[in-house]
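Got the viewer open? Let's take a short walk through two spots, selecting as we go.

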Amino acid sequence: MANKRDRRVAPSSNRGKDRVELSDQSSDPKLTITLVLSFCVAAAAAVLAYRIKYAHPITNRAQSYVHQRGLVKIDVNYQEILTASTTLENAKVSENTTGRHYKYPVLAYITPWNSKGYDMAKRFNSKFTHLSPVWYDLKSQGTGLILEGRHNADMGWISELRMAGDVWVLPRVVLEAFPAELLTKKKQRSKAITLLVNECKEMGYDGIVLESWSRWAAYRILHDPSMRNLALQFIKELGDALHAVTLERNDKQRLQLVYVIGPPHSEKLQEHDFGPKDLRSLGDAVDGFSLMMYDFSGPQNPGPNAPLKWIHSTLQLLLGTDKNSALAHKIFLGINFYGNDFALSGGPGGGAVTGRDYLSLLEKHRPVMRWEKKSAEHLFFYSDDEYNNHAVFYPSLMSISMRLEEAHKWGCGVSIWEIGQGLDYFFDLL
């Protein structure tokens, strides 16, 4: 998410009503945030109670060191973050790598261009149920198909993971093949499925995470009902093919399919949006849906990464009031471990912020940390060396904790983009 190679930014033109307006004064920056989420119908409605079988607590806070220390709070200051990120990294967090607090599935993405994620996956192995290294692309080649990315695969790393725990490894595959060719030709569909299933068999993976919906939307094939049906049918066929294969290391487990979906970008579902009908259609064929709930704001409309009301309304749109556990528990609610640094003067601009960048900015500028109640995110302002004003939105223990609570209310798992970009003490919440 936070790399130029893989930036999944939702079209800002569809979010005019949801813009976050930032007003910054050079002497004393002020934040004026207007979030008009018109598509959040009945946002104040309480989420219904879950079945008793799913009513366990979200975390065992007695064992969560960051909760014991009172670090999960709104009125945090920059010095506390700097101190905690260094002392906890070398002390209590490292001692608390085995206890798992979040009881629903946790999927974590790892990218080759942010190698810290590989170390975090090993260190906090037991915090995750699924790991998805971003390795593969399925592309058109002439009249055929080619699966690229095996050179990224780190089999030694996978071996270390499996020696340390039982986490599933499902590499992400981006489907870049021309959809008109792939979906309308039976031989192409069969070839694609064979390539993916065989790669899992040969490399010993536990399945794949497939990303294709956003690509298909870009080609506008989802506007055509017949093409949309072919797209859904392809996903079903792939899921069935994966489920037909038993793992060599566990004859009770079959290959898994997790499918990447994005949130709607406007008040009403558009033709290209993934909606509740699609969710129900794929419910039996797909083992999990990785819901990308981040990149709400961009350089043209600076603001929070993922307002909590937006998250709630999206889950309500997909799941409705019928808390069907079979579907709710297949959602992996996306949580960002990266932030954004937006330029507020000197022309629009902005870039992704990783944990290392964030700590450097805190140390250099010693800013006042602010809590934006409507979005439930922390931010701060600073002026750069050219006197341009900036707003930085980056996850905090409090913002992550509230999103875990929201996911738990719905009975959802979570998916993290991506673990190489966060602060070490974030993992104590999982």
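## Stop one: a pair of helices

The crossing of helices α4 and α5 is left-handed. Keep in mind that you're looking at a predicted model.

Select residues 116–123 for α4 and 155–164 for α5: their axes come within 9 Å and cross at roughly 20°. An angle under 35 degrees counts as roughly parallel, so α4 and α5 are roughly parallel to each other.

Now show side chains. On the α4 side, pick Tyr 118, Ala 121 and Lys 122; they meet Trp 157, Glu 160 and Leu 161 of α5. Colour this contact by residue class and you get four nonpolar residues, two charged ones and no polar ones.

## Stop two: the sheet

Next, move along to an open sheet of five strands, with antiparallel pairing. Reading across, the order is β11-β10-β14-β13-β12. Select 349–353 and 370–372 to light up the edge strands, β11 and β12, each of which pairs on one side only. Look along the sheet for the turn between neighbouring strands, which averages 25° with direction ignored.

Zoom in on β10 (residues 339–343) and β14 (residues 389–393). How many bridges join β10 to β14? There are four, and the two strands run antiparallel. For one example, click Ala 343: its bridge partner in β14 is His 390.

## Last stop: the helix across the sheet

Finally, select residues 355–365, which make up helix α13. This helix lies across β10, β11, β13 and β14. Add 377–383 to your selection to see β13, to which α13 runs at about 55°.

Technical notes
Residues numbered from 1 in each chain as written. Predicted model: local features only at pLDDT ≥ 70, side-chain atom pairs only at ≥ 80, totals over all residues. Heavy atoms only, no water. Pairing = 2+ DSSP bridges. Axes fitted to C-alpha atoms, helices over the stretch in contact; angles between N-to-C directions. Contact = heavy atoms within 4.5 Å. Parallel < 35°, antiparallel > 145°, perpendicular 65-115°, else oblique. Left-handed = near helix turned anticlockwise from the far one by under 90°. Nonpolar A, V, L, I, M, F, W, Y, C, P; charged D, E, K, R; others polar.
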